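Good morning, colleagues. Please have the sequence and the structure open while I speak.

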Amino acid sequence: MKRDSIKRISILGSTGSIGTQTLQVVEESDNQFEIEYLTTNTNIEILAEQVQKFQPKGVVIKDYEKYKEFKKNYSFSGEILTGEEGLCRAAASERNDLLVSALVGFSGVLPTICALEKGIDVALANKEVLVAAGKFVSEISAKSGAKIIAIDSEHNAILQCLIGEDMASVEKIILTASGGPFLGASLESLAEVGVDEALAHPRWNMGKKITIDSATLMNKGFEVIEAHWLFNLSPERIQVVVHPESIIHSLVQFVDGAIKAHLGFQDMRIPISFALNYPKRNYYNFPRIDLIEIGKLSFSQPDTQRFPCLKYAYEALEIGGTAPAILNSANETAVQAFLQKRISFVQIPACIDFALSNIDILEEPSLEDVFETDRITRELTERFINKKN
Ligand code: MG
């Protein structure tokens, strides 16, 4: 392997679900990647193991107490940074060929922008970055020439369907949704859902926040907004179809009526490997699907009465401005409260409805306005939650 063909990557959120699977892909990749920075919020034990194995140039521990603990208890000769400033420095390092952006929620907005501003390509797993600040992220990447390659399996699938195609030939895209663990549940039974049930996703093994988002269909709503920014499509050209088997990851319909679909096993290492190697492909021994064993695939209309979060996402996208940022921050606050057992499952959409109806939406916000909206939305949603209990 020639030195100049090695890709140097940094991973924001290396100890999370996408981060650890990214490192598995790196490990399987026969020295094609070199690790620049690994970052964690608090998980210094796993970070220390990753440091031993992957020998990064530097690490970031966002939490200051854990940063001090790491410095005291582990020997590492590379750079050790902390805070959001540390994350931005790692993200924007001149040595990065690619940044894997895999933080959870709004916290990924600033570091991802830091990389894009420097012209560094981003493999994006953190969809909330596009939900909250899609307009800015798109403008910045267009200006600097940095590419955004989606890791999200649906958008990764669409990207693959679009290879060799002209966007002018695209009629619409179809995002598939597994429907989550409560696909057939009645509205009454949803009120009784517990945290453990909501965390038991039938198809995908993911982090806690996205697993709850999948159960409410908020995740699919976010993906509609994500698709809007990634592929420059209006909301009516983005359809959501429930497909419980999760074998087709998404589809593109063209102007001649032809449809291309992308199929594969439910294993995030497949879209991760595509994003890391893009525009090339590399051999991996990841699981293959067996069509005969699968037998048949099914599709249905999503039910936005039982799962109103999907509807709220379309509405927020139509309204534009800071509406999607409000949607995102209200959801983050509500999911956190649900995981802490402070609100019920059906109160998650109620929090979002409250925030979208009561917080001022700015039509032409600046990026600073988006950060301020995030702060205000969290505060007011939290107040709404406390008043209810
Ligand atoms: Mg997805």
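I begin with strand S3, residues 58-61, in what is a predicted model. From this strand, Gly58 and Val60 point one way, while Val59 and Ile61 point the other way. Each of these residues is buried. In general terms, side chains along a regular strand alternate between the two faces of the sheet.

Which strands does S3 pair with? Strand S2, residues 33-40, runs parallel to S3 and is joined to it by 4 bridges. Within that pairing, Leu38 stands opposite Val59. To get from S2 to S3 the chain passes through helix H2, residues 44-54, and this β-α-β crossover is right-handed. S3 also pairs with strand S4, residues 79-82, again in the parallel sense and over 4 bridges. Here Ile61 stands opposite Thr82. A right-handed β-α-β unit is formed by S3, helix H3 (residues 64-73) and S4.

Let me place these strands in their sheet. It is an open sheet of 7 strands, with parallel pairing and the order S4-S3-S2-S1-S5-S6-S7. The edges are held by S4 and by strand S7, residues 148-150, each of which pairs on one side only. From one strand to the next, the twist averages 20°. Further along the order, strand S1 (residues 7-12) and strand S5 (residues 98-101) pair in the parallel sense over 4 bridges, and Ile9 stands opposite Leu98 there. Helix H2 packs on this sheet and touches S2 and S3. The direction of H2 makes about 165° with that of S2.

One residue of S2 merits a separate look, namely Thr39. Is Thr39 buried or exposed? Its relative accessibility is 1%, and because the limit for a buried residue is under 20%, Thr39 counts as buried. The side chain of Thr39 reaches the backbone nitrogen of Gly13 at 2.8 Å. Leaving aside residues up to four places away in sequence, Thr39 touches a set of residues that includes Ile11, Leu12, Gly13, Ser14 and Thr15. Leu47, Val60, Leu87 and Leu103 are also among the residues that Thr39 touches.

I turn next to helix H5, residues 109-117. Of its 9 residues, 7 are buried, so this helix is largely enclosed by the rest of the structure. The buried residues are Val109, Pro111, Thr112, Ile113, Cys114, Ala115 and Leu116. After H5 comes Gly119, which has a positive phi near 80°.

Now to the metal. Which residues coordinate the magnesium ion? They are Asp152, through OD, together with Glu154 and Glu223, both through OE, at 2.1 Å. Along the chain, the donors follow the spacing D-x1-E-x68-E. Glu154 belongs to helix H7 (residues 153-161) and Glu223 to helix H11 (residues 218-231), so this pair ties together parts that are 69 residues apart in sequence. Both Glu154 and Glu223 are buried.

Helix H7 also contains His155. What does the side chain of His155 reach? It reaches the backbone oxygen of Glu223 at 2.9 Å. His155 has a relative accessible area of 0% and is therefore buried. With residues up to four places away in sequence not counted, His155 touches Ala150, Leu175, Glu223, Glu226, Ala227, Leu230 and Phe231.

Helix H11 brings us to a further sheet. This is an open sheet of 4 strands in the order S9-S8-S10-S11, with mixed pairing. Why is one side of S9 and of S11 left without a neighbour in the sheet? Strand S9 (238-242) and strand S11 (259-263) stand at the edges, each with a single partner strand, so one side of each remains without a neighbour. Neighbouring strands of this sheet are turned against each other by 20° on average, with direction ignored. Strand S10, residues 248-254, runs antiparallel to S11, and 5 bridges join the two. In that pairing, Ser250 stands opposite His262. H11 packs on the sheet, where it touches strand S8 (170-177) and S9. The direction of H11 makes about 150° with that of S8.

To close, I return to Glu223: this residue is a donor to the magnesium ion, and its backbone oxygen is reached by the side chain of His155. Thank you for your attention.

Notes:
Residues are numbered from 1 along each chain as its sequence is written. This is a predicted model: local features need pLDDT of at least 70, side-chain atom pairs count only at pLDDT 80 or more; totals for chains, interfaces and linings use all residues. Side-chain values use heavy atoms; hydrogens and water are left out. Buried means under 20% relative accessible area, exposed over 50%, partly exposed in between (1.4 Å probe, protein chains only). Two strands pair if DSSP finds at least two bridges between them. A crossover is right-handed if, with the strands pointing away from the viewer, the path from the first strand over the helix to the second runs clockwise. A polar contact is a pair of N or O atoms within 3.5 Å; within protein, one must be able to donate a hydrogen and the other to accept it, and residues adjacent in sequence count only if both atoms are side-chain atoms. Contact means heavy atoms within 4.5 Å. Donors are N, O and S atoms within 2.8 Å of the metal (3.2 Å for Na, K and Ca); water is not among the atoms, so sites may look incomplete. Axes are lines fitted to C-alpha atoms, for helices over the stretch in contact, and angles run from 0 to 180 degrees between N-to-C directions.
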